[in-house]
Amino acid sequence: MTNKKKICIFCGDKPERKNKEHVIPKWLIELTGDSKREAFFGGNVSREKRGIRMYSFDSFTFPACEKCNTEFATLEGATKPIVIKILQNGRIDSCEITTFLDWLDKARIGLWLAFYYLNKNWAGISPKFHIKTRIGTRDRFLIIYKTNYNSSGINFIGAEGLSFQHSPSCFALIINNLIFFNVSTFDLCDRRLGFPFSQKTTMANRIQIEMDMVEGFQRVSNPVMRQTFLTKGIILFQPIFKEQIKNAEGRKLYNNEYVRTNSLNYEEGIGKVFIENNGSTHPLSAKDKLSIVPDRQHDYLRFLPKLSKMTFDYQLHLFQMPSPENLSSEEKKEFKLNMKAMKQSNETFLKIINQQIAKKTQQI
Ligand SMILES: [Zn+2]
């Protein structure tokens with residue numbers, strides 16, 4: 001991997017005592033097969049090497065400071081036994097789910113910066129956060145799906161496209177027969193989970209959004225997500241208000257019985273994990289332990305194109321969530337152009353995915 005200006009994927013600074021971080025951690029690569037195996041890493045969009053990009057998982061590494069790398073080894077260490085438990089259909093509690101959601105934040109932002117490097121910043125963005133500043137800072141939403149895939153392996157969906165470069169808020173990670181559809185952004189589920197929420201979110205400029213926070217309804221509205229998602233999954237939510245309580249005004253909004261009762265760590269701005277079940281949603285208590293693997297499963301090859309489409313479509317939806325009305329006419333124009341380019345890029349990647357799946361289906 002070559003890039004003139006190397007930045008640490010954790011802190012965004014010039015890497016101190018240079019080190020390399022596996023964006024897909026070594027333990028997960030080893031847990032799911034041969035660490036030297038080759039995998040599909042999206043399409044290469046650089047002019048010189050256009051085409052499908054394949055290389056070994058083991059060499060999917062990016063710059064990091066030694067200090068940052070060591071610091072995050074703790075999260076990796078804590079996540080490994082949780083992932084093993086999930087894969088074995090074991091029961092986990094809301095603290096373990098929170099750790100897993102943190103780790104998904106890390107993986108998602110890591111992949112985003114990885115493709116930023118790999119594709120030589122084809123979206124022309126300037127990353128406004130890195131793993132350290134983004135982890136556990138916004139509402140999270142996770143759907144776990146099970147498929148009939150009967151081998152081991154890792155894959156991810158949605159990370160290679162242009163819309164993910166503009167808004168790295170949604171991707172799907174595949175580990176063996178389980179699929180984790182993960183979303184994290186402001187304004188995602190706080191409103192319908194009864195927490196204070198932004199009644200209007202606007203894009204202030206190219207990179208900043210403005211929120212108008214108001215008191216919450218202090219009750220859950222079902223369904224929490226109004227969009228429809230593929231069925232047969234287990235749905236989890238976690239409201240996060242770390243950023244919103246940084247100032248006195250924000251702290252006042254959140255300082256009530258409802259938020260306190262429904263928080264895992266009120267001081268840190270971490271809400272409880274909520275689970276949706278048969279059309280109703282409730283918070284997990286400290287004592288609750290559950291398997292997050294659904295009973296029902298999908299046919300892997302039939303499910304993959306649908307999941308890919310859902311992921312790409314949702315990325316576009318998230319990109320348009322804050323209103324562009326306050327942008328300058330120049331910025332509005334750029335916004336529209338970006339939308340168009342993202343749609344085209346998503347269509348291209350969907351085509352590649354569908355072609356690969358069609359090939360596999362013929363082999364069976
Ligand atoms: Zn660093």
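Helix α8 is a good place to start, being mostly covered, with 14 of its 20 residues buried. This helix runs from residue 300 to residue 319 and reaches 28 Å from its first C-alpha to its last, close to the 28 Å expected at 1.5 Å a residue. As throughout this passage, the description rests on a predicted model.

Stepping back to the whole chain, the secondary structure comes to nine helices and 17 strands. The C-alpha trace spans about 55 × 50 × 40 Å along its principal axes. A compact globule of 364 residues would have a radius of gyration near 21 Å, and the chain, at 20 Å, agrees with that value. Of the 364 residues, 55% count as buried. Contacts also reach far along the sequence: among those between residues at least 6 apart, 74% join residues at least 24 apart.

The interior can be introduced through its nonpolar cores. In soluble globular proteins, nonpolar side chains tend to be buried together. Here the largest nonpolar core has 68 residues, and F60 and L111 are those with the most contacts inside it. Helix α3 (residues 94-118) gives the most to this core, contributing 15 residues. A second core, separate from the largest one, has 41 residues, including I143, Y145, F303 and I353.

A zinc ion provides the next landmark. Its protein donors are the SG atoms of C8, C11, C65 and C68, which lie 2.3 to 2.4 Å from the ion. The angles subtended by the four donor atoms are 104 to 115°, and the arrangement is therefore tetrahedral. Read along the sequence, the donor residues follow the spacing C-x2-C-x53-C-x2-C. C11 belongs to the segment before β1 (18-22), whereas C65 is in strand β4 (residues 61-65), so this pair ties together parts that are 54 residues apart in sequence. The two cysteines can also be described by their accessibility. C11 has 24% relative accessibility and counts as partly exposed, while C65, at 5%, counts as buried.

Some details of the backbone deserve a closer look, beginning with N176. This asparagine is found in the loop between β8 (170-175) and β9 (178-184). Phi of N176 is near 50°, a positive value in a residue other than glycine. With a relative accessible area of 16%, N176 falls under the 20% limit and so is buried. Leaving aside residues up to four places away in sequence, N176 touches T32, L87, Y149, S151, S152 and G153.

K120 offers another case of positive phi, about 50°, although it is not a glycine. This lysine is found in the loop between α3 and α4 (131-134). K120 has 46% relative accessibility and counts as partly exposed, whereas N176 is buried.

A further backbone feature involves a proline. The peptide bond joining N222 and P223 is cis, with omega about -10°. P223 is found in the loop between β11 (209-214) and β12 (234-238).

Definitions and conventions. Residues numbered from 1 in each chain as written. Predicted model: local features only at pLDDT ≥ 70, side-chain atom pairs only at ≥ 80, totals over all residues. Heavy atoms only, no water. Donors = N, O, S within 2.8 Å, 3.2 Å for Na, K, Ca; no water. Tetrahedral: all angles 85-135°; square planar, octahedral: opposite > 155°, others 65-115°. Helix = DSSP H or I, 4+ residues; strand = E, 2+ residues; numbered from the N terminus. Buried < 20%, exposed > 50% of the residue type's maximum accessible area, 1.4 Å probe, protein only. Expected span 1.5 Å × (residues − 1). Core = buried A, V, L, I, M, F, W, Y, C linked by side-chain atoms within 4.5 Å. Rg over C-alpha atoms; globule rule 2.2 N^0.38 Å. Contact = heavy atoms within 4.5 Å.
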